[in-house]
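Student: I have a protein model open on my screen, and I would like to understand one part of it well. Could you take me through the sheet slowly, along with whatever packs around it?

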Amino acid sequence: MVLFAHSCPACDAADAELQAGCEANPSPGRRGFLAAVVAGVGVLAAPPAVAQVWGGRARALGIRRLQTGENFSGVYWRDGRYDRTALDRLNWVMRDPGMAEATPMDPRLFDILATVQDRVGSDEPWLVTSGYRAPETNASRARESRRVSRVSFHMSGMAADVQLPGRSSVGLARSAAEMQLGGVGVYRNSGFIHLDCGPTRRW
Ligand SMILES: [Zn+2]
């Protein structure tokens, strides 16, 4: 099995810059997300563009994890709510490949992935090189490279680094940025883009 040593120092740096002002509250996104999960998954508000694209249609998503070959393809949201069984499967595929258990992702990330996939009219699954990143994984990478930050939306279950077969990273990033769904980073050399459900920004 080939393990992809992809890193996204640029998105880590951008995340760090964004969260630098939150030292007293080091992980506001995660904290708010967990509170929302406790209150019920359906309470999270997706970006307005998500509802504009989907309307009342069931939301479907296809992803494949490069490191494990595991995939998900199907509906994860219907009749106004997220499907918990589908979220469990998505969380498993998006887990840190070094971990034997899944961590809940912020489901708004799945809305972003599904909406971009739908908007560009692709039937191909997203190829995921990085989803949830465990603090241990991030710490070891930070030791290897000074450019990897200690904080990252990946560690909050709010980010993914992805590629869509047959589509350029620049074109995908442009489509995602136009919809103002969250954070968008482009990696021209690797062909991957970083998407997160943090504040709308681009790099
Ligand atoms: Zn990233």
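Tutor: Happy to; we will start with the whole chain, walk across the sheet, and then turn to the helices and two loop residues.

Keep in mind that this is a predicted model. The protein chain has 7 helices and 8 strands, and 39% of its 203 residues are buried. Among contacts with a separation of 6 or more, 66% join residues 24 or more positions apart.

Now for the sheet itself. Its 8 strands form an open sheet with mixed pairing, in the order β3-β2-β1-β4-β5-β7-β6-β8. Strands β3 (81-82) and β8 (201-202) are the edges, each pairing on one side only. Helix α7 (residues 169-178) packs on this sheet, where it touches β6 (183-187), β7 (192-196) and β8. The direction of α7 makes about 170 degrees with that of β6.

Let's begin at the β3 edge and walk inwards. Strands β2 and β3 run antiparallel and are joined by 2 bridges. One residue pair to find here is W77 with its bridge partner Y82 in β3. These two strands form a hairpin with 2 residues between them, and D79 takes a positive phi near 50 degrees there.

The next step takes us from β2 to β1. This pairing is also antiparallel, and it has 6 bridges. Look for A60, which stands opposite V75 in β2. Again there is a hairpin, this one with 5 residues between the strands. In its turn, G69 has a positive phi of about 80 degrees. Helix α4 (residues 84-93) lies across β1, β2 (71-78) and β3, and it runs at about 145 degrees to β2.

Move on to strand β4, and the direction of pairing changes. Strand β1 (residues 59-65) and β4 run parallel, joined by 3 bridges. You can trace this pairing through I63, whose bridge partner in β4 is W126, and through R64, whose partner there is L127. On its other side, β4 pairs with strand β5 (residues 159-163) in the antiparallel sense, over 3 bridges. Here S130 stands opposite D161 in β5.

Why is β4 described as largely enclosed by the rest of the structure? It is because 4 of the 5 residues of this strand (residues 126-130) are buried. As a general point to picture while you rotate the model, side chains in a regular strand alternate between the two faces of the sheet.

Just beyond β4 is a residue worth pausing on. G131 lies in the loop between β4 and α6 (135-144). Although G131 is in a loop, this glycine is buried, with 25 other C-beta atoms within 10 Å. Leaving out neighbours within four places in sequence, G131 is in contact with M94, R95, M105 and A160. The C-alpha atoms of G131 and V162 are separated by 8.7 Å, though the two residues are 31 apart along the chain.

Now turn to helix α5 (residues 107-119). Its 13 residues reach 18 Å from the first C-alpha to the last, close to the 18 Å expected at 1.5 Å a residue. Helix α5 is mostly covered, with 11 of its 13 residues buried. Among the buried ones are L109, F110, I112, L113 and V116, and also R108 and D111. After the helix comes G121, whose phi is positive, near 70 degrees.

That brings us to the largest nonpolar core, which has 39 residues. Those that touch the most other members are L109, L113, A160, V162, A176, I193 and L195. Helix α5 gives the most to this core, with 6 residues. In soluble globular proteins generally, nonpolar side chains tend to be buried together. To see one core member's surroundings, select A176: setting aside residues up to four places away in sequence, A176 touches V116, L181, V184, I193 and L195.

Finally, compare G131 with another loop residue. A45 lies in the loop between α2 (28-39) and α3 (48-54). Is A45 buried or exposed? A45 counts as exposed because it has 9 C-beta neighbours inside 10 Å, and the cut-off for exposed is 12 or fewer. From A45 you can also step to helix α5: A45 and R108 are 63 residues apart in sequence, and 7.7 Å apart in space from C-alpha to C-alpha.

How values were computed
Residues numbered from 1 in each chain as written. Buried ≥ 20, exposed ≤ 12 C-beta atoms within 10 Å, placed from the backbone. Contact = placed C-beta atoms within 7 Å. Pairing = 2+ DSSP bridges. Expected span 1.5 Å × (residues − 1). Core = buried A, V, L, I, M, F, W, Y, C linked by C-beta atoms within 7 Å. Axes fitted to C-alpha atoms, helices over the stretch in contact; angles between N-to-C directions.
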